[in-house]
Amino acid sequence: MRPGVVDTPMQDLIRSKSELELPDVARFRQLKEQGTLMDPDEVATFIDWLLNETDDVEFSEKEWDVRESDRNQQ
C-alpha cells in the first residue's frame, strides 16, 4: 500500500530542514506550495477501506496506491 506524500506534522519538520540537512527539501516544499500533499483523513479512509472492504485475493492482486484508486473516485 502506497499512501503518497501525506500532509502530516512530519512533513512540517521535513520542510523546515536546510538543503544541507536534506538535499531534496525543495521537492517537499514544492509539493506543499502546489497543494499536492495527500490529506491524512483521505489516506486513512482509503486504508480503512482497503483493509476492511477488500478480500484477500483482491488485496493481493496489485500494489495499491491511494492516488490511483478507483475508491477515491466514489
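With a relative accessibility of just 4%, Gln11 counts as buried in this predicted model. Gln11 sits in helix H1, which covers residues 9-15, and leaving aside residues up to four places away in sequence, its contacts are Val5, Val6, Phe28 and Leu37. The same helix holds a salt bridge between Arg15 and Asp12, with N and O 2.6 Å apart. These two are three residues apart in H1, so about one helical turn separates them. Arg15 is buried at 13% relative accessible area, whereas Asp12, at 44%, is partly exposed.

Turning to H3, this helix runs over residues 40-53 and spans 19 Å from first to last C-alpha, close to the expected 20 Å. Val43, Phe46, Trp49 and Leu50 are its buried residues; they fall on the same side of H3 because they cover an arc of only 125° around the axis. Helix H4 (56-60) is what the buried residues of H3 pack against, while Asp41, Leu51 and Asn52 are exposed on the other side. At the N-terminal end, Asp39 acts as a cap for H3, placing a side-chain oxygen 3.0 Å from the backbone nitrogen of Asp41.

Back to salt bridges: the structure has seven of them. One joins Glu63 and Arg2 at 3.0 Å, N to O; Glu63 comes after H4 and Arg2 before H1, so this pair ties together parts 61 residues apart in sequence. Both belong to a salt-bridge network that also takes in Asp65, Arg67 and Glu68. Another bridge pairs Asp7 with Lys32 at 2.9 Å, N to O, linking the segment before H1 to helix H2 across 25 residues. Asp7 is partly exposed at 27%, and Lys32 is partly exposed at 37%.

Key
Residues numbered from 1 in each chain as written. Predicted model: local features only at pLDDT ≥ 70, side-chain atom pairs only at ≥ 80, totals over all residues. Heavy atoms only, no water. Helix = DSSP H or I, 4+ residues; strand = E, 2+ residues; numbered from the N terminus. Expected span 1.5 Å × (residues − 1). Buried < 20%, exposed > 50% of the residue type's maximum accessible area, 1.4 Å probe, protein only. Arc of directions from axis to C-beta. Contact = heavy atoms within 4.5 Å. Polar contact = N/O pair within 3.5 Å; in protein donor to acceptor, adjacent residues only side chain to side chain. Salt bridge = Lys/Arg side-chain N within 4 Å of Asp/Glu carboxyl O.
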